[in-house]
Each structure stands twice: as structure tokens, then as C-alpha cells.
Amino acid sequence: MSSVLRPAITGDDPSTAANYRPISSHLAIAPPVSVVIPAMNEAENLPYVFKTLPSWIHEVVLVDGNSTDNTVEVARELWPDVKVVKQLGRGKGDALITGFAACTGDIIVMVDADGSADGHEIVSYVSALVSGADFAEGSRFANGGGTSDMTPIRKLGNRVLCATVNAKFGARYTDLCYGYNAFWRHCLDKIELDCTGFEVETLMNIRVVKAGLKVQEIPSHEYLRIHGASNLRAVRDGIRVLKVILKERSNRRALRRTPHAHQLDSGRGEVS
């Protein structure tokens, strides 16, 4: 049996095939894919980012964080159909939330604008989603993954935070704070995003597990930022991630107590 996925065409009308886009020699998809790229002063890096994006994606949504360089102009030159959205707030979380709201695709992929992510890997994320996963989480520490841009202190911090989430929420993550992820749009209805900083990736990872969504890790290699300096601060952002974990754990306990409290109230009502 051939492993190539072919669209079903009924009757003599081949127009149905136009709804499918071949993304590899073994896979063709119908769902449109949106790529969200939050960017602030990344004009020098965008050529490297856009060069690796596959041609079959439905749209690129660039969220401009009030850049003072020519980030927007470069993006439009590289990808004429790019959808540029102006970020009104601040922070990566706010930028992603803004970008998600502007997407029209059924599948949404998050890609950083610093050149650290390889757009050629998007096919692996999409393949996981069309094969049954709800959320495809990139991992630098899964078998086949790697990183060229992580200090020993960040590796240790990520490992400790990851182990904490796995223990507290029953997850099986090997990576927790990576910004290269993809998911079906319907996931946004089940995970309310309400943070503005770098901790947004951790919040998403926790809430998809709490929502009972099917998660599949995708081995990914993180490359060095090509130009400029990162806004990430290991200690500051590590503390913010820890606060998110503790808050989500606290919320989970509260939800567990609430049904029990309702039962007690109902019981007392019936006795009366």
C-alpha cells in the first residue's frame, strides 16, 4: 500500500483536489496553516526566518511590537502577502495572543523572529497534528532535538521546571520553555491565555494538559540568534515561569474543591 496521502475525488469533478496542498512526498493536507511571528526590531533576522518557511502555508501573521527599525518593510518585501498586526500591549505573550486572534488558518504555528527556529521543521509539527495530536510541542531535549543557544544555568532551570510540571500535572514533557509550537485553532477555546511575558509557552503547555488535549512532542533544534540581543533574562523569567506553575497548581486544587463543595451544599439542602 502506498504511504502517499491522496485526496478523495468523487465523480468527474477534480476540483476537490485543489483543497489539498502537498507538503511532502508522503503528506497532503486540506487544513490551512497560519504561522505567527512576533517581532520587534528583527529586520536583520527576518530574511533568515522567511527563507525557511514552506511555500504551502496559508498565511504569515507578523505581530509588530512597535519596531523602530524597518521590520515591517522587510517582512512585506520578503513575503508580499504577509499580514502585519500592530501590537498594542507589551511582551511576548501579548504579541502571541494578538497574533492568534488575527489568524484564519485551522492550524497555528508559533515561530520566533530571531532566526533560532528552522521553518523546515513545520512539516513535522503539521504531520503530528493531522495524525491526531491537538498540540505539537517543540522539544530541544527529545531524541533528535538540540540547542545551540542555552547556557548551563538555563538548561538546569528548564529541567527543574519541567520536572515540576510533570509531577504536578501528570505531563511527560522533556522541554517546557520553548517557543516553537503548533496546534489546532480549536485549542484556543479550551486554554484561556492571560499572561503577557515569556512564560506564555509554559502556560500553554500546562493548560493543554489540564484541558485533556492530546500532546505530541516534536524534536527541534534551536539555533543561535543571528543578530541582536535577546530580551530573555534567565533568573527574572525563570521566576515568572515558576509563578505560573504555582498559580496553575493552585487553580487546579480550587477546581477540585468546588464540585465537592457544591455536593455538600446540595446535601444540606436536601436534608433541610
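The following exercises, each with a worked solution, concern a predicted model.

**Exercise 1. Salt bridges between separate elements**

Task: Determine which residue forms a salt bridge with glutamate 59, and where in the chain the two residues lie.

Solution.
Step 1. A search of the whole structure finds 11 salt bridges. In one of them, glutamate 59 is paired with lysine 83, with 3.4 Å between the closest N and O atoms.
Step 2. Glutamate 59 belongs to strand S4, and lysine 83 to strand S5 (residues 83–86). The two residues are 24 residues apart, and the pair links distant parts of the chain.
Step 3. Burial is assigned under 20% relative accessible area. Glutamate 59 is therefore buried, at 8% relative accessibility. Lysine 83, at 29%, counts as partly exposed.

**Exercise 2. Lysine 92 and its partner**

Task: Identify the salt-bridge partner of lysine 92 and state which parts of the chain the pair ties together.

Solution.
Step 1. The partner is aspartate 112; the closest N and O atoms are 2.8 Å apart.
Step 2. Lysine 92 is in helix H3 (residues 92–102), while aspartate 112 is in the loop between strand S6 (107–110) and helix H4 (122–130). The pair therefore ties together parts that are 20 residues apart in sequence.
Step 3. Lysine 92 has a relative accessible area of 14%, so this residue is buried.
Step 4. Aspartate 112 also appears in the lining of the largest cavity, which is taken up in the next exercise.

**Exercise 3. The internal cavity**

Task: State how many cavities of 30 Å³ or more the structure holds, and which residues line the largest cavity.

Solution.
Step 1. The search of the whole structure finds 1 cavity of 30 Å³ or more.
Step 2. The volume of the largest cavity is about 40 Å³.
Step 3. Its lining consists of Met110, Val111, Asp112, Ser116, Ala117, Tyr178, Gly179 and Tyr180.

**Exercise 4. Helix H6 and its salt-bridge network**

Task: Decide whether helix H6 is largely enclosed or open, and describe the salt bridge that links lysine 210 to another helix.

Solution.
Step 1. Of the 11 residues of H6, 9 are buried, so the helix is largely enclosed by the rest of the structure.
Step 2. The buried residues are Val200, Glu201, Thr202, Leu203, Met204, Asn205, Ile206, Arg207 and Val208.
Step 3. Lysine 210, by contrast, counts as partly exposed, with 32% relative accessibility. Its side chain meets that of glutamate 248 in a salt bridge (2.8 Å, N to O).
Step 4. Lysine 210 lies in helix H6 (residues 200–210) and glutamate 248 in helix H7 (residues 234–271). They are 38 residues apart, and the pair links distant parts of the chain.
Step 5. Glutamate 248 counts as buried, at 2% relative accessibility.
Step 6. The pair is part of a network of salt bridges that links Asp194, Arg207, Lys210 and Glu248.
Step 7. After H6 comes glycine 212, which has a positive phi near 75°.

**Exercise 5. Positive phi outside glycine**

Task: Locate asparagine 41 and asparagine 66, and give the phi value of each.

Solution.
Step 1. Asparagine 41 has a positive phi of about 60°, although this residue is not a glycine. It is found in the loop between strand S3 (33–39) and helix H1 (46–51).
Step 2. Asparagine 66 likewise has a positive phi, near 60°. Its place is the loop between strand S4 (59–64) and helix H2 (71–78).
Step 3. Asparagine 41, with 35% relative accessibility, counts as partly exposed. Asparagine 66, with 42%, also counts as partly exposed.

**Exercise 6. Cysteines**

Task: State how many disulfides the structure holds, and how far the nearest cysteine sulfur is from that of cysteine 162.

Solution.
Step 1. The structure holds 0 disulfides.
Step 2. For cysteine 162, the nearest cysteine sulfur is that of cysteine 177, 8.0 Å away. A disulfide requires sulfur atoms within 2.5 Å, and cysteine 162 is in no disulfide.
Step 3. Cysteine 162 counts as buried at 4% relative accessibility. Cysteine 187 is also buried, with a relative accessible area of 0%.

**Exercise 7. A nonpolar surface patch**

Task: Name the residues of the nonpolar surface patch of about 290 Å², and place valine 160 in its helix.

Solution.
Step 1. The patch is made by Ile153, Leu156 and Val160.
Step 2. Valine 160 is in helix H5 (residues 152–169).
Step 3. In an α-helix there are 3.6 residues a turn, so residues three or four places apart point the same way.
Step 4. Valine 160 counts as partly exposed, at 47% relative accessibility.

Key
Residues are numbered from 1 along each chain as its sequence is written. This is a predicted model: local features need pLDDT of at least 70, side-chain atom pairs count only at pLDDT 80 or more; totals for chains, interfaces and linings use all residues. Side-chain values use heavy atoms; hydrogens and water are left out. Patches are made of residues with over 30% relative accessible area and no salt bridge: like charges are joined within 9 Å, nonpolar side chains (Val, Leu, Ile, Met, Phe, Trp, Tyr) within 5 Å. Accessible areas come from the Shrake-Rupley method with a 1.4 Å probe; for residues, only the protein chains shown count as cover. A salt bridge is a side-chain nitrogen of Lys or Arg within 4 Å of a carboxyl oxygen of Asp or Glu. Helices (H or I, at least four residues) and strands (E, at least two) are DSSP runs, numbered from the N terminus. Buried means under 20% relative accessible area, exposed over 50%, partly exposed in between (1.4 Å probe, protein chains only). On a 1 Å grid over the protein atoms alone, a cavity is a set of points where a 1.4 Å probe fits but cannot get out, and a pocket is an open set with protein on both sides within 12 Å along at least five of seven lines; lining residues have an atom within 4 Å of a point. Grid points are joined across faces, edges and corners, and a volume is the space filled by probe spheres set on the points.
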